[in-house]
Amino acid sequence: MHSCTKACNAAGCCILSASLLWLAKYTCMSTERCCVRAHAAAVFFRKHTQAMAQQLHLHGWVMNTPQGSVVGEMQGDSVQVEEMKHWLSKVGSPKSSIERAVFTEERPIEACTFQDFEVRR
């Protein structure tokens with residue numbers, strides 16, 4: 001867990017200090033890599049992943065590997081990144097069965113480095 005997440009509650013609010021303590025809305029941005037192994041992953045898994053990422057307003061990419069896994073990177077609001085991690089590890093595309101999802105390289109970022117969420121070939 002990065003420091004931005006530790007400082008924010010689930011609603012994205014953080015307590016900031018100045019002369020007085022006050023509560024302010026604060027958007028924590030993060031980036032994370034993923035690797036998903038699933039049965040029938042090739043059955044539009046990337047396309048469904050892209051659609052879910054766009055619904056969550058995430059940026060990044062996803063692609064198949066020669067080993068049969070799906071890998072990618074997602075960036076955006078840390079709450080939405082967590083929702084996407086849940087979707088990738090528990091839900092997936094309608095015809096897939098998730099075997100395993102691994103998430104690595106989580107870190108806070110100032111801004112997204114990708115324009116949108118794309119399917120790479």
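Helices (H or I, at least four residues) and strands (E, at least two) are DSSP runs, numbered from the N terminus. With that in hand, open the model and follow along. The model is predicted, so local features need pLDDT of at least 70 and side-chain atom pairs count only at pLDDT 80 or more, while totals for chains, interfaces and linings use all residues. Residues are numbered from 1 along each chain as its sequence is written, and side-chain values use heavy atoms, with hydrogens and water left out.

**The whole chain**

Show the protein chain as a cartoon to begin. You should find three helices and seven strands, and, reading along the sequence, the pattern α-β-β-β-α-β-β-α-β-β. Now colour by burial, where buried means under 20% relative accessible area, exposed over 50%, and partly exposed in between (1.4 Å probe, protein chains only). Of the 121 residues in the protein chain, 37% are buried. Contacts here are heavy atoms within 4.5 Å. Taking those in the protein chain between residues at least 6 apart in sequence, 71% join residues at least 24 apart.

**Helix H3**

Select residues 78-91, which form helix H3 with its 14 residues. From its first C-alpha to its last, H3 reaches 19 Å, close to the 20 Å expected at 1.5 Å a residue; the expected span is 1.5 Å times one less than the number of residues.

Zoom to the start of H3 and look for a polar contact (a pair of N or O atoms within 3.5 Å; within protein, one must be able to donate a hydrogen and the other to accept it, and residues adjacent in sequence count only if both atoms are side-chain atoms). A side-chain oxygen of Asp77 reaches to within 3.0 Å of the backbone nitrogen of Val79.

Which residues of H3 are buried? Select Ser78, Val81, Met84, Lys85, Trp87 and Leu88 to see them. For contrast, pick Val91, also in H3, which counts as partly exposed because its relative accessibility is 42%. Leaving out residues up to four places away in sequence, Val91 touches His86, Ser96 and Ile98.

**Just past the helix**

Step on to Gly92, just after H3, where phi is positive at about 70°. A little further along, select Ser96, in the loop between H3 and strand S6 (97-108). Ser96 has a relative accessible area of 14%, so this residue is buried. Its side chain reaches the backbone oxygen of Ser93 at 2.9 Å.

**The nonpolar core**

A nonpolar core is a set of buried Ala, Val, Leu, Ile, Met, Phe, Trp, Tyr and Cys residues joined through side-chain atoms within 4.5 Å. The largest one has 15 residues, and Leu58, Met74, Met84 and Leu88 have the most contacts inside it. Strand S3 (29-39), helix H2 (45-55), strand S5 (70-77) and H3 each supply at least two residues of this core. H3 gives the most, with four residues.

Keep Met84 selected and show its surroundings. Setting aside neighbours within four places in sequence, Met84 is in contact with Thr49, Met52, Ala53, Leu56, Leu58 and Met74.

**A cavity to look into**

On a 1 Å grid over the protein atoms alone, a cavity is a set of points where a 1.4 Å probe fits but cannot get out, and lining residues have an atom within 4 Å of a point. Grid points are joined across faces, edges and corners, and a volume is the space filled by probe spheres set on the points. How many cavities of 30 Å³ or more are there? The count comes to one, and the largest cavity has a volume of about 30 Å³. Select its lining: Cys34, Thr49, Trp61, Val62, Gly72, Glu73, Met74, Leu88 and Phe117. Strand S4 (59-64) and S5 are the elements that give two or more residues to this lining, and S5 has the largest share, three residues.

**Two neighbours of Phe117**

From the lining, choose Val62 in strand S4. Val62 counts as buried because its relative accessibility is 2%. Beyond four places in sequence, Val62 touches residues including Arg46, Thr49, Gly72 and Phe117.

Next select Gln50, in helix H2. Gln50 is at 13% relative accessibility and therefore counts as buried. A polar atom of the Gln50 side chain lies 3.0 Å from the backbone oxygen of Phe117.

**Last stop: positive phi**

Finish with His57, in the loop between H2 and S4. Its phi is near 60°, a positive value in a residue other than glycine. With a relative accessible area of 63%, His57 is exposed.

Methods:
On a 1 Å grid over the protein atoms alone, a cavity is a set of points where a 1.4 Å probe fits but cannot get out, and a pocket is an open set with protein on both sides within 12 Å along at least five of seven lines; lining residues have an atom within 4 Å of a point.
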